[in-house]
Amino acid sequence: MKYSLNWDLDSIFPGGLHGKALTEKIQVIGESINTFRDAINDYHFTDDDEHFTRFTELTDFIQKIQAGIVQTGMYISGKHSEDVNNEEVTPLIDKIQSLDVKAAQISQLLQKKLASLSDDAFEKLITEPSLHKIIFSLNEQRHFGQELLDDNEEAIIAEMNLEGLSAWSNHYSTLVSSVQVDFKDNEGNPKTLSAGQADNEILGNADPKYRAELMPKWEEAWGDKQNLFADTLNHVSGSRLLDYRFHGTDDFLKYPLELNRMSQKTLDTMWKVVDANKDVLIDFLNRKAQLIGKEQIGWEDVAAPLNIGDGEVKTFTYDEAAEFIIKQFNSFSPKMAQLAQRAFENQWIEAENRPGKEPGGYMESLPETGESRIFLTFTGSPNDASTIAHELGHAFHSSVMNELPYFRQDYAMNVAETASTFSELIVSDANVKEAQTDEEKINLLNAKMDNPVAMFLNIHARFIFEKKFYEKRKDGVLTASEINDLMLDAQKEAYDNSLSTYSTHFWESKMHFYFDDVPFYNFPYTFGYLFSLGIYAKAQESDNFEDQYIALLQDTANMSTEELAMKHLGVDLTKPDFWEDGVKLIQKDVDEFIRLTEKYV
């Protein structure tokens with residue numbers, strides 16, 4: 001079957017950015033926010049009936065507002081992602097962010113109402129059957145409400161963040177659109193690539209010489225603008241630290257951990273296991289260096305494909321990738337396969353490789369219509385097929401939440417990355433199993449190893465960098481050179497000094513450091529990867545995996561991460577055993593890779 005490489009955004013809001021549908025939607029959201037603000041300010045629990053009918057209506061109302069903002073925001077951000085030079089999008093991004101800030105303010109009013117209740121009164125409230133499905137969320141919001149400042153102070157902080165934290169985060173996208181990499185291709189022809197295209201060219205090319213020549217050009221392009229990116233990162237982080245200080249904490253990991261509903265002890269245990277077992281991945285990288293004729297592998301080689309013996313690097317057309325993913329999903333869960341089929345057929349995916357697109361990839365939910373949209377750049381590599389599977393995993397996670405209240409759909413990033421990484425594992429594992437020769441298997445094992453290398457080493461470097469950056473940022477602004485040094489030191493620590501070259505400007509290229517809504521957008525990836533390994537192992541042993549898996553996903557916004565793991569997997573995340581079991585699965589692939597490649601070194 002022939003699938004489109006372009007997504008369909010027009011079905012979300014017919015008429016485009018200036019059409020009647022979007023214009024009216026934005027207006028309705030604004031009016032709804034004002035209506036809710038008046039209603040919650042006038043509301044008193046003592047005036048409600050014995051079944052808290054009015055309070056239930058208010059919770060339904062605010063969930064509808066939040067879903068509408070997500071639906072609208074996805075459309076607007078999608079228009080920017082597909083064309084970063086579209087100037088018409090910028091004012092609308094500002095509008096939806098302004099509405100998001102106002103929605104956060106009315107959410108705080110609800111949280112304060114909950115915080116004002118005595119323990120006995122709150123216990124009585126949550127026994128009401130109409131609120132049963134959102135008890136965990138109400139408990140969580142009550143906790144947040146107890147940490148809030150007064151209404152005027154919170155309103156001032158929110159408005160200032162709109163012109164501070166959010167504005168600087170948006171500025172990052174403006175800067176990225178101006179980064180261009182100029183170089184000459186293998187035939188000596190001049191070529192200009194966007195930042196995202198150059199990244200794909202480096203990581204996706206099997207020729208070490210080509211990568212070695214392009215990588216310095218990539219670094220130079222980012223280096224030319226390093227002072228601008230340093231300003232942006234300093235102000236994103238400075239705004240966030242100021243907000244934290246206003247709310248009585250200088251612990252910059254407090255809110256990231258709360259957002260992911262996990263404990264510091266779980267995080268510390270995970271990183272200790274990663275640090276103690278990084279030699280597994282270093283062994284893989286050292287063997288890969290031998291295979292490409294180097295004493296040490298360079299940064300540009302870490303995720304690069306191999307072309308061993310006569311085994312050509314496997315490539316996919318987009319249609320082949322789609323059919324392969326649907327087939328492999330079906331072997332684990334027919335419902336996953338049906339969701340993937342729907343996504344391809346209904347143009348939920350923007351995959352075309354063209355200039356002007358935003359770098360990276362993502363999935364965004366459309367809660368009002370029960371759909372999703374996926375953004376990436378497809379070049380035909382096995383990794384690209386895995387990336388599509390990754391994002392479809394996110395989409396499947398969202399799809400099984402559609403019938404739940406919107407509060408119950410607000411799952412954290414760490415467990416979100418579990419579903420996506422699980423889906424990615426299905427496809428990468430299938431790639432390896434379908435290899436026809438040892439050479440092809442080596443090449444595909446190399447592609448499969450990209451994920452554990454990224455999760456154990458690259459993501460750890462990001463975490464180390466960001467943690468040290470925030471520690472120093474408390475004392476003042478850092479120069480671009482100082483940030484470069486932090487990035488270099490973090491990479492050397494995470495990779496155990498095993499590389500011949502590093503990427504000092506990586507902090508500029510990675511948009512995750514600049515997000516305004518999700519701080520420390522790094523450790524949840526490693527968590528999700530290792531957590532998904534446990535789920536993957538269980539899937540291969542279980543006769544009714546699909547039902548168990550969906551039950552786990554539907555609980556991801558209904559309890560803490562530790563409770564989720566204990567309930568559905570029977571494991572204690574604060575102990576190293578679970579994490580070490582994941583390492584054993586990685587070790588198995590590394591051992592196989594080293595055994596198969598012995599004759600080539």
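**Exercise 1.** In this predicted model, find the place of D279, and decide whether D279 counts as buried, partly exposed or exposed.

*Solution.* Step 1: D279 lies in helix α13, which covers residues 278–291. Step 2: The relative accessibility of D279 is 43%. Step 3: Buried means under 20% and exposed means over 50%, with partly exposed in between. D279 therefore counts as partly exposed, at 43%.

**Exercise 2.** Name the residues that form a negative surface patch with D279.

*Solution.* Together with D279, the patch is formed by D283, D496 and D591.

**Exercise 3.** Work out the strand order of the open sheet, and state which strands stand at the edges.

*Solution.* Step 1: The sheet has three strands in the order β3-β5-β4, with mixed pairing. Step 2: β3 (349–350) and β4 (362–366) each have a single partner strand, so they stand at the edges and one side of each is left without a neighbour in the sheet. Step 3: β3 and β5 (residues 371–375) run parallel and are joined by two bridges. In this pair E350 stands opposite F375 of β5. Step 4: β4 pairs with β5 in the antiparallel sense, over five bridges. Here L366 faces E371 of β5.

**Exercise 4.** Describe the connection between β4 and β5, and explain why β4 is called largely enclosed.

*Solution.* Step 1: The two strands β4 and β5 make a hairpin, and four residues lie between them. Step 2: In the turn, G370 has a positive phi of about 70°. Step 3: Of the five residues of β4, four are buried, so the strand is largely enclosed by the rest of the structure.

Notes:
Residues are numbered from 1 along each chain as its sequence is written. This is a predicted model: local features need pLDDT of at least 70, side-chain atom pairs count only at pLDDT 80 or more; totals for chains, interfaces and linings use all residues. Side-chain values use heavy atoms; hydrogens and water are left out. Patches are made of residues with over 30% relative accessible area and no salt bridge: like charges are joined within 9 Å, nonpolar side chains (Val, Leu, Ile, Met, Phe, Trp, Tyr) within 5 Å. Accessible areas come from the Shrake-Rupley method with a 1.4 Å probe; for residues, only the protein chains shown count as cover. A salt bridge is a side-chain nitrogen of Lys or Arg within 4 Å of a carboxyl oxygen of Asp or Glu. Lys and Arg count as positive and Asp and Glu as negative; His and the chain ends are not counted. The place of a charge is taken as NZ of Lys, CZ of Arg, CG of Asp or CD of Glu. Buried means under 20% relative accessible area, exposed over 50%, partly exposed in between (1.4 Å probe, protein chains only). Two strands pair if DSSP finds at least two bridges between them.
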